[in-house]
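Visitor: Please show me the structure. I have some questions about the fold and a few of its residues.

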Amino acid sequence: MVNPTIAEQKPSRIKIPFLLDIVTVSDPEQIRQIETSGDVDRLHAYPTKELPWWVQFYFRSTKFHDHNRDLWFCPFEPTFEPTYPARRAYLEEKSAEGYSQADVQRIAQLLTTHATDDVLAHEMVQIVNKRFFQESIPHEITETAKYTVQEFTEAIVPPKYEQGVQSQAKIMNYCEHALPKDVHILDVGHNIGEVVQATAGSLRILQKNLHRPVEEIFTEHAPTAQVPRIAVRSSTFDGLLDSPIKPKETIIIMKIAEAAAETQDIGFTFGTGDAERACVFKDFFLDFMKDLQTALKANDLKAK
């Protein structure tokens, strides 16, 4: 029998036959229930050409998919993908290289002197992503990374969609040229886009909250709003839905930022509530923000 509390707070669903089927869930326990059910998986559990039409359409304009080469960002791969462990290990190794205190001081100075978002984003790209290259990432690449599409509402606006597609292609072409030949270009290209689109805002949020714990700040203001999953088995998740999800068709949108804010659980900031396949750069992000917070406090004291 379904728990009455859960039954009253069922996920929302938009289902239009032969067009789309989307389940949206923000309740933390429901996210965990669905994620661990075995009934859903990452999008690339199916070949790209077999995914719902709107998924193919939308993601080609984002930083998560390279349509021309049919590549997906590492976290979008199912665990049975044979290249996943090596790709994950490479990203973990590079993340573990960390950063220098000079990096922290540079960003602290930029924030203190009111640098623009573009300047902040470009400098953070160097700190986070230069480790993958043998050169600094050009301004034209960090600039174009702003324009990959982040919301479906952008994708239905033709000029924004086309700009997103072109921006992603430009980043991928740069990565193919500049990265070592054995590196997965989409994994690195995504990280450039993620830093550009999310980090400047996170830096400014930190600057406004210098006396709050970093974990508390970034559960309230998680950089990643949501993650998708696709149905791989027919299921109602023990009665959570009124009708079953359909393999290869139903997309589940897990609103992890809302879950993080509700629970104050950092596991939702960087994943779906536990350490399983959490963001590779979790520790890097939190450690950098803590050191940056300390540096900004010191700058404030000097200014006084």
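Visitor: What is the mean pLDDT of the chain?

Guide: This is a predicted model. In the chain, 97% of the residues reach a pLDDT of 70 or more. The mean over the chain is 94.

Visitor: Over which residues is the pLDDT below 50?

Guide: Beyond near neighbours in sequence, the stretch has five contacts in the model. Its pLDDT is below 50. The stretch is residues 1-7.

Visitor: How many helices and strands are in the chain?

Guide: Helices and strands are both present. The count is 14 helices and seven strands.

Visitor: What radius of gyration does the chain have, against that of a compact globule?

Guide: The C-alpha trace spans about 60 × 45 × 35 Å along its principal axes. For 304 residues, a compact globule would have a radius of gyration near 19 Å. The chain agrees with that, at 20 Å.

Visitor: What share of the contacts with a separation of 6 or more joins residues 24 or more positions apart?

Guide: Take Ala108 and Lys297 as one pair distant in sequence: 189 residues separate them, yet their C-alpha atoms are 9.5 Å apart. Over the chain, contacts with a separation of 6 or more are the base for the share. Residues 24 or more positions apart account for 71%.

Visitor: Is Ala108 buried or exposed?

Guide: Ala108 sits in helix α5, residues 101-112. Leaving out residues up to four places away in sequence, it touches Leu292, Ala295, Leu296 and Asn299. Buried means under 20% relative accessible area. Ala108 has 0%, so it counts as buried.

Visitor: Asp238 and Arg277 are not glycines. What is the phi of Asp238, and what is that of Arg277?

Guide: Asp238 is in the loop between β6 (227-231) and β7 (251-254). Arg277 is in the loop between α13 (266-269) and α14 (282-303). Phi is positive for Asp238, at about 55 degrees. For Arg277 phi is also positive, at about 55 degrees.

Visitor: Which of these counts as buried, Asp238 or Arg277?

Guide: Asp238 has a relative accessible area of 67%, so it is exposed. Arg277 has 14% relative accessibility. The residue that counts as buried is Arg277.

Visitor: How far apart are the mean positions of the positive and negative charges?

Guide: The chain has 33 positive and 44 negative charges. Each set has a mean position. The two are 2 Å apart.

Technical notes
Residues numbered from 1 in each chain as written. Predicted model: local features only at pLDDT ≥ 70, side-chain atom pairs only at ≥ 80, totals over all residues. Heavy atoms only, no water. Helix = DSSP H or I, 4+ residues; strand = E, 2+ residues; numbered from the N terminus. Rg over C-alpha atoms; globule rule 2.2 N^0.38 Å. Contact = heavy atoms within 4.5 Å. Lys, Arg positive; Asp, Glu negative; His and termini not counted. Charge placed at Lys NZ, Arg CZ, Asp CG, Glu CD. pLDDT = per-residue confidence, 0-100. Buried < 20%, exposed > 50% of the residue type's maximum accessible area, 1.4 Å probe, protein only.
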